[in-house]
Amino acid sequence: MGFKTRWYILTVILFLSFFLSSSLGQSLNNFSADSLDALIQNYAFKALLDHNPHTGALYNAALPANLSGVEVSVVRLKSGSLWIRGANLSVFRIPPRVLTIPYEKRLAIVYQNLGNLSSQYYNVPGYSMVTPVVGFMAYNASNLDTINGITKLNLSVTGDPISIHFPLPEESTNSSLQCVRFNAGGSMDFSEMKLPNVCLTRDQGHFSVVVRSATPKGVLKGKDRLWMFLVIGFVLGIVGLILVGLVGFVVVKIVKMKRIGEMEREADEGEAFETIWVGSSRMPSAKIIRTTPMIENSEAAP
């Protein structure tokens with residue numbers, strides 16, 4: 001296997017390792033966030049069952065100690081009321097003309113604020129989160145006899161978008177802030193903050209406000225470092241190929257000179273022949289004939 005082939009294989013391995021490690025890390029984050037949503041859903045519906053809920057009333061869910069700092073609340077609504085009047089749920093303002101898909105007579109909206117655990121479950125590379133991650137999900141709530149049959153509903157926003165009113169620090173400037181929505185599967189959607197402290201969306205999910213992280217001078221970003229390593233590897237590969245070529249050329253020359261030297265030495269050690277001119281050509285001539293000629297016929301030559 002040549003040096004060039006080995007270098008290409010090493011480059012591919014490094015690239016795949018970087019890609020797989022990034023993908024694996026993101027997948028683990030997604031798994032943790034999905035597990036947290038399922039856990040929050042269970043505690044939210046447990047709060048509804050414990051309180052014999054009234055339609056439109058907001059109930060706070062009691063969470064275990066390992067979720068200290070996380071806020072979860074739930075409200076049960078009629079689909080008709082949501083369509084006509086909309087709903088206000090903490091920082092979320094859901095306008096009228098919102099439908100559930102599939103249609104359910106009653107739905108429950110679960111609100112969550114991850115507080116100081118936001119960065120543990122969500123990460124925005126290259127950005128810093130200015131606010132905690134907040135989110136809301138809609139579930140069917142026509143039958144609360146058991147929570148085993150509860151399913152997540154989709155929302156169809158046919159009128160104005162849903163607004164999210166974040167309590168931002170006074171020193172924050174809207175020009176540098178961006179809204180981010182965390183989608184299922186680990187993808188993210190960014191949007192500009194068009195109104196002060198307000199983000200707009202047309203779907204449920206998890207949201208936050210972020211600002212681009214400042215990169216210290218002399219420090220390269222991850223993507224820039226990867227390109228730098230690839231360029232350095234490419235240059236070193238070219239230099240290595242040149243060196244291999246030069247070494248091969250020198251080796252071939254040495255072997256060739258060695259063979260010529262052996263041939264000359266063999267020629268010097270052999271018997272020397274005199275030369276005579278035959279016409280215009282110079283031919284070797286032996287001093288004596290080693291083999292005595294034999295006459296085939298016993299009769300003497302005339």
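User: Hi! Which way does the link of C179 and C199 turn, left-handed or right-handed?

Analyst: Left-handed: the link between C179 and C199 has -85° about the S-S bond. Please keep in mind that this is a predicted model. The S to S distance in that disulfide is 2.0 Å.

User: Remind me, what is a disulfide in general?

Analyst: A covalent bond that links the sulfur atoms of two cysteines.

User: And what does the C179 to C199 disulfide tie together?

Analyst: C179 sits in strand β11 and C199 in strand β13, so the pair connects parts of the chain that are 20 residues apart in sequence.

User: Are those two cysteines buried or exposed?

Analyst: C179 and C199 are both buried.

User: How many disulfides does a search of the whole structure find?

Analyst: Just one.

User: OK, on to charges. How many salt bridges does the structure hold?

Analyst: Two. One of them involves strand β11 again: R181 in that strand meets D203, at 3.3 Å from N to O. D203 lies in the loop between β13 (198-201) and β14 (205-212), while R181 belongs to β11 (residues 177-182), so this salt bridge ties together parts 22 residues apart in sequence.

User: What about R181, buried or exposed?

Analyst: R181 counts as buried because its relative accessibility is 18%, and the cut-off for buried is under 20%. Its partner D203 is partly exposed, at 31% relative accessible area.

User: Which residues make the other bridge, and how far apart are the closest N and O atoms?

Analyst: That one pairs K46 with D50, and their closest N and O atoms are 3.2 Å apart. Both residues are in helix α1 (residues 3-51), four residues apart, which is about one turn of the helix.

User: How accessible is K46, and is D50 buried or exposed?

Analyst: K46 is partly exposed, with 46% relative accessible area. D50 counts as exposed because its relative accessibility is 52%, and exposed means over 50%.

User: Let's change topic. What does UniProt list for residues 226-255?

Analyst: The UniProt record, an unreviewed entry, lists them as a "transmembrane region". In the model, that stretch is 100% helix and 0% strand, and its end C-alpha atoms are 43 Å apart.

User: Which residues form the nonpolar patch on the surface?

Analyst: The patch is made of W227, V231, F234, V235, I238, V239, L241, I242, L243 and L246. Together they have about 920 Å² of accessible area. To take one member, V235 lies in helix α4 (residues 222-269) and is partly exposed, with a relative accessible area of 42%.

User: Any backbone oddities? Where is the cis peptide bond?

Analyst: The cis peptide bond joins I101 and P102, with omega at about -5°. P102 is in the loop between β5 (98-101) and β6 (106-113).

User: And which residues other than glycine have a positive phi?

Analyst: R97 has a phi near 65°, and N197 also has a phi near 65°. R97 is in the loop between β4 (92-94) and β5, and N197 is in the loop between β12 (188-192) and β13.

User: How accessible are R97 and N197?

Analyst: R97 counts as partly exposed at 44% relative accessibility. N197 is also partly exposed, with a relative accessible area of 27%.

User: One more residue: where is S118, and what is it in contact with?

Analyst: S118 is in helix α3 (residues 118-121). Setting aside neighbours within four places in sequence, S118 is in contact with M129, P132 and V133. S118 is buried, with a relative accessible area of 4%.

User: Nice. To finish, how many helices and strands does the protein have, and what share of its residues is buried?

Analyst: There are four helices and 16 strands. Of the 302 residues, 31% count as buried. The accessible surface of the protein is about 20300 Å², with 60% of that belonging to carbon and sulfur atoms.

User: And what share of the contacts between residues at least 6 apart joins residues at least 24 apart?

Analyst: That share is 66%.

Key: Residues numbered from 1 in each chain as written. Predicted model: local features only at pLDDT ≥ 70, side-chain atom pairs only at ≥ 80, totals over all residues. Heavy atoms only, no water. Helix = DSSP H or I, 4+ residues; strand = E, 2+ residues; numbered from the N terminus. Buried < 20%, exposed > 50% of the residue type's maximum accessible area, 1.4 Å probe, protein only. Contact = heavy atoms within 4.5 Å. Areas by Shrake-Rupley, 256 points an atom, 1.4 Å probe, with all protein chains shown as cover. UniProt positions renumbered as here; feature names shortened; annotations may be inferred. Patch = residues over 30% accessible without salt bridge, like charges linked within 9 Å, V, L, I, M, F, W, Y side chains within 5 Å. Salt bridge = Lys/Arg side-chain N within 4 Å of Asp/Glu carboxyl O. Disulfide = S-S within 2.5 Å.
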